[in-house]
Amino acid sequence: MEKKGISRRDFIKGAAAGAVGVATIGVLGACSSTSTTDIKFDKESDVVIVGGGGAGVAAALQAANDGAAVLILEKAGVAGGTTNYSGGVMQAAGTDIQKSYTTFKDDTPEKHFQLWSKAGEGTVDDELVKDLAYGAPDHIKWLTDIGLKFTSVYGHCHIPYVDQSLFADRIHVYEGGGAGGGGTILVTAMLDAATKKGAVIEYETEVTKLLTNAAGEVIGVTAKQGGKDVNIKAKKGVILAAAGIDQNKEMAKELSPQQYWDLTSQMCLCAVTDTGDGIRMAMEIGAAVGGFGGTIDFCGKTGAATDNRVPLFPSFIVNKAGRRFVCEDATYAYHYRAIFQQSKQLDGPTYMIFGQSSIADGKAPWTTESVAKDITDKVVIKADTIEELAKLISVDPENLAATLATWNSETSSKKDDQFGRITGLVPISGPFYAYKNVSFNLGAIGGVKINVDAQALKPNGEAIPRLYASGMNAAGWIGPYYPGSGTAIIGLIHWGRKAGQNAAKLKSV
Ligand SMILES: Cc1cc2nc3c(=O)[nH]c(=O)nc-3n(C[C@H](O)[C@H](O)[C@H](O)COP(=O)(O)OP(=O)(O)OC[C@H]3O[C@@H](n4cnc5c(N)ncnc54)[C@H](O)[C@@H]3O)c2cc1C
């Protein structure tokens, strides 16, 4: 699969061209001068969707429901992208389902918005976040109408600086969802409903370029299909739904140090076809991009802090100096951002430290048997004393012993004055274990800037006519770290539906 990088210089060139309204510009040597009359189209549809993953099929269903002819172009041989691998869980506040499965009877989209906004650390577009929070309950109903049956609702783990009153159990789980792979049910339900309404999907079709007319409107795409370049006209609009820069090392190096770290030394679980193509193509015609830097990272070994029903077992995380640095039971991507930063700042790995006492109560992610196997496999390191363990993992023994002493003294009175941890506050005794943290990456944050109509924007805030972006291809609605499970899926449905609805409304060119 071809991967294309983009340099900061090219980006600035692209952004500047967008600001002065140049119809098409060339970056990466893909310069094209196009007008409607120049282009010979091989086929056409009202709405052309780039990517048949979660956002793409949501957009397709909405546009088809609204009466548009829809063509989805999918690079892979199957629909679904990373959404297939997901658990398909999604957040919404104030739904009847939330009321019936949880104690949160008075939750509101406003509280949901406030939480996401605060977690955005001032870097999100509050208008987008509010629109998403207020739109979310209707998406649950929309999916129920196409056959999904929601069977439980839970919450995500806390964030130390976000007021606890803003949290609620909002993560909706449908039958068959909740674990990796459950996302296929969501994709299949939306795609089947869309194709019943006449939407068409073409596989092994890689969109490579957006086509614009002299007025700067996006009027189609070029795609590689069966070894040939084909031009496809979009009479109403083009929707970008090709995800983030997840598997693109070059773009990650330029735009997202944490994604780059994940791709070069950790583990990325995203679809291999998600190489930031939608972002690159939009940049080539002068779209504004932003929101890069954050990732959806978590501990794939322990699943730490992914679910508020599961307290973190007695354990703490230390850096190369042997010191704690983060609230370990804060939502996963929050504490993984800190793990990334410490690994870089101190140029060495971080470790999860626990003891025989941590395993003994039966709620740890390890049993006596599984920890023994991990020791044999060198995934976990064991020592009788904390000083010995420190030596084995090349961490300062005095610091690590002091960290353990502070942990044991504070937790004996059930508190964590240093980092505000709330679960697993139990003293730890030996023998001691260390697990080297490995980041499991579920996607990169950042993409094409959009407005509340899901229109792609130029750097001056004007919309690029007839171009929409959705799902993880779009930016501004998630902040510098992933706030908790279910944000991406509800977001891709929201921005997919918005894009589909607004593109379907346009008059044909
Ligand atoms: C294991 C795992 C579990 C997860 N669980 C959850 C969860 O339960 N809840 C949650 O909210 N989030 C979850 N996430 C994150 C979430 O799944 C993703 O962020 C989300 O699915 C991305 O959706 P998308 O529509 O933006 O992209 P995708 O679903 O990846 O779709 C993008 C599509 O575009 C196609 N494409 C790319 N380039 C081109 C091109 N040039 N031309 C044509 N097609 C192209 C790709 O092949 C792909 O099919 C999980 C992620 C993983 C990996």
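Author: In this predicted model, a residue counts as buried if 20 or more other C-beta atoms lie within 10 Å of its own, with C-beta atoms placed from the backbone.

Reader: Which residues of helix 5 are buried?
Author: Helix 5 covers residues 109-119 and has 8 buried residues out of 11, so it is largely enclosed by the rest of the structure. What covers these buried residues includes helix 6. The buried residues of helix 5 are Pro 109, Lys 111, His 112, Phe 113, Leu 115, Trp 116, Ser 117 and Ala 119.

Reader: Which residue with a positive phi follows helix 5?
Author: Helix 5 ends at residue 119. The phi of the residue in question is near 50 degrees, and that residue is Glu 121.

Reader: Is His 139 buried or exposed?
Author: His 139 sits in helix 6, which spans residues 126-145. The cut-off for a buried residue is 20 or more other C-beta atoms within 10 Å. His 139 has 23 such atoms within 10 Å, so this residue is buried.

Reader: Which residues does His 139 touch, leaving out those up to four places away in sequence?
Author: The chain brings distant positions together here: His 139 and Gly 491 are 352 residues apart along the chain, and their C-alpha atoms are separated by 10.0 Å. With residues up to four places away in sequence left out, the residues in contact with His 139 are Ala 92, Ile 490, Ile 493 and His 494.

Reader: How are helix 6 and helix 16 oriented to each other?
Author: The helix 6 residues Leu 132, Gly 135, Ala 136 and His 139 meet Ile 490, Gly 491, Ile 493 and His 494 of helix 16. By class, this contact has 4 nonpolar, 4 polar and no charged residues. The two axes come within 10 Å and cross at roughly 90 degrees. Angles of 65 to 115 degrees count as roughly perpendicular, and helix 6 and helix 16 are therefore roughly perpendicular.

Reader: How do the residues of the shell around the ligand divide by class?
Author: The ligand is surrounded by 44 residues, and the closest are Gly 51, Gly 53, Gly 81, Ser 86 and Gly 471. At least two residues of the shell come from each of helix 2 (54-65), helix 3 (81-85), strand 7 (205-212), strand 17 (439-444) and helix 16 (487-505). By class, the shell has 20 nonpolar, 19 polar and 5 charged residues.

Reader: In the open sheet with the order 3-5-4, which strands are at the edges?
Author: This sheet has 3 strands with antiparallel pairing. Strand 3 pairs with strand 5 (residues 171-174) over 2 bridges, and Met 90 stands opposite His 172 of strand 5. An edge strand pairs on one side only, and the edges here are strand 3 (90-91) and strand 4 (150-154).

Reader: Which residue of strand 17 is the bridge partner of Met 267?
Author: Strand 17 belongs to an open sheet of 3 strands in the order 10-17-12, with mixed pairing. The edges are strand 10 (267-268) and strand 12 (295-299). Strand 10 and strand 17 run parallel and are joined by 2 bridges. In strand 17, Met 267 has as its bridge partner Phe 440.

Reader: At about what angle does helix 11 run to strand 12?
Author: Strand 12 is an edge strand of the sheet with the order 10-17-12. Helix 11 (residues 332-345) lies across strand 12 and strand 17, and its angle to strand 12 is about 90 degrees.

Methods
Residues are numbered from 1 along each chain as its sequence is written. This is a predicted model: local features need pLDDT of at least 70, side-chain atom pairs count only at pLDDT 80 or more; totals for chains, interfaces and linings use all residues. A residue is near a molecule or strand if its C-beta atom, placed from the backbone, lies within 6 Å of it. Helices (H or I, at least four residues) and strands (E, at least two) are DSSP runs, numbered from the N terminus. Ala, Val, Leu, Ile, Met, Phe, Trp, Tyr, Cys and Pro count as nonpolar, Asp, Glu, Lys and Arg as charged, and the others, Gly among them, as polar. A residue is buried if 20 or more other C-beta atoms lie within 10 Å of its own, exposed if 12 or fewer, and partly exposed in between; C-beta atoms are placed from the backbone. Two residues are in contact if their C-beta atoms, placed from the backbone, lie within 7 Å. Axes are lines fitted to C-alpha atoms, for helices over the stretch in contact, and angles run from 0 to 180 degrees between N-to-C directions. Angles under 35 degrees count as roughly parallel, over 145 as roughly antiparallel, 65 to 115 as roughly perpendicular and the rest as oblique. Two strands pair if DSSP finds at least two bridges between them.
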